[in-house]
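This report describes a protein model in formal terms, for a reader who has the sequence and coordinates at hand. Please consult the structure below while reading.

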Amino acid sequence: MTGYDAVVLAGGAARRLGGVDKPAVRVGGRTLLDRVLGACADAGETVVVGPRLPTARSVRWAREEPPGGGPLAALAAGLKHTAAPATLVVSADLPFLRADTVRALLAAAATDEVEGVLLCDADGREQPLVAVYRTEPLRRELALLATEYGSLVGLPLRLLTAELSLGRLPHPTASFDCDTWEDVAVARARIRDDGSVLDEWISAAKAELGIELDVDVTALLDLARDAAHGVARPAAPLTTFLVGYAAAQRGGGSESVADATRKAVALAARWAEEAQEHQASPGTSGAQGGHGGQGAPGAQGADEAGRADKAGGSA
């Protein structure tokens, strides 16, 4: 069950959003579809069923017939392009779906006792469009439903899930979907909460830059703090940039970043130590004054007095 394919349903009418292209709506600077695709980036094959739009990574596109034929028709269209023993089935409007939740669903479905696992929200509601299914039972039941009803068009999802042996996995936020503009506003506000905004920004930045790199956020933030306090405030962003550049020069990767970070942290510590020693040295103020500071007027006065004595002696 570690190998899986993903089918993303992205062809809904979005009536409660005024008919806009819902998968293209942005939350945290990324489209809802790209956020979902990021959660299943390790799928063997990712099939998006719906109208084409730009995506951050390559996917296979499919379309149900007729377009707008409902979730079961869309799911059947997506399954035509998959081959893995497990299939992740998700809608394209899940701003808080994460890779760790996908892995948890896969792990929960890795038993012969169930034919799939659905996510349940905080109120216990089952979410059949945030689920991992065993592919063969999924194909079997879709074929039986198509035979029984003559078509899958317009059929509700509950007809499918009622015929499968399914487990449940509770999760408080991963199944939150954006059906209305109020939902979109809630999602946009939630990702800016103090507890999550940094992780959200890093994920968005990595996706935008096209990099897959696990970074030690704490170490980099400590480095920025040390550079700001031990050197000067503008040193913080400049130093973190230089660390990234140095890591790239060494081939990239988390170990290169960690090594460059350690060296920069040590340098910042040496700067801070020197500053403390300088401030604590006896006579530091006098030394500063002797170089054009507070001592300069006194030196000028002594010179003037000497010239006066010479003038008096000559007289």
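The following paragraphs treat the overall fold, the largest pocket, one helix, the cysteines and one peptide bond.

**Overall architecture.** The model is predicted. Its secondary structure amounts to twelve helices and nine strands. Of the 315 residues in the protein, 38% are buried. When contacts between residues at least 6 apart in sequence are considered, 65% of them link residues at least 24 apart.

**The largest pocket.** The volume of the largest pocket is about 1100 Å³. Its lining comprises 38 residues, and those nearest the centre are Arg30, Gly38, Ala39, Ser203 and Lys206. By residue class, the lining of this pocket consists of 15 nonpolar, eight polar and 15 charged residues. Four secondary-structure elements, listed in the table, each contribute at least two residues to that lining.

| Element | Residue range | Contribution to the lining |
|---|---|---|
| Strand S3 | 30–31 | at least two residues |
| Helix H1 | 32–39 | at least two residues |
| Helix H3 | 99–109 | at least two residues |
| Helix H7 | 197–209 | seven residues |

Helix H7 provides the most to the lining of the largest pocket. Ser203 and Lys206, two of the residues nearest the pocket centre, fall within the range of H7, 197–209. Likewise, Gly38 and Ala39 are among those nearest the centre, and H1 spans 32–39.

**Helix H10.** Helix H10 covers residues 254–280, 27 residues in total, and extends 39 Å from its first C-alpha to its last, close to the 39 Å expected at 1.5 Å a residue. Which residues of H10 are buried? They are Ser256, Val257, Ala260, Thr261, Ala264 and Ala268. The cover over these buried residues includes helix H8 (217–230) and helix H9 (235–249).

**Cysteines.** The structure contains zero disulfides. Cys40 has a relative accessible area of 1% and is therefore buried, given that the cut-off for burial is under 20%. Cys178 likewise counts as buried, because its relative accessibility is 0%.

**A cis peptide bond.** Most peptide bonds are trans. The bond from Glu65 to Pro66, however, is cis, with omega near -5°. Pro66 is located in the loop between strand S5 (60–62) and helix H2 (71–79).

How values were computed. Residues numbered from 1 in each chain as written. Predicted model: local features only at pLDDT ≥ 70, side-chain atom pairs only at ≥ 80, totals over all residues. Heavy atoms only, no water. 1 Å grid on protein atoms, 1.4 Å probe; cavity = no way out; pocket = protein on both sides within 12 Å on 5 of 7 lines; lining within 4 Å. Points joined across faces, edges and corners; volume = space filled by probe spheres on them. Nonpolar A, V, L, I, M, F, W, Y, C, P; charged D, E, K, R; others polar. Expected span 1.5 Å × (residues − 1). Buried < 20%, exposed > 50% of the residue type's maximum accessible area, 1.4 Å probe, protein only. Contact = heavy atoms within 4.5 Å. Disulfide = S-S within 2.5 Å.
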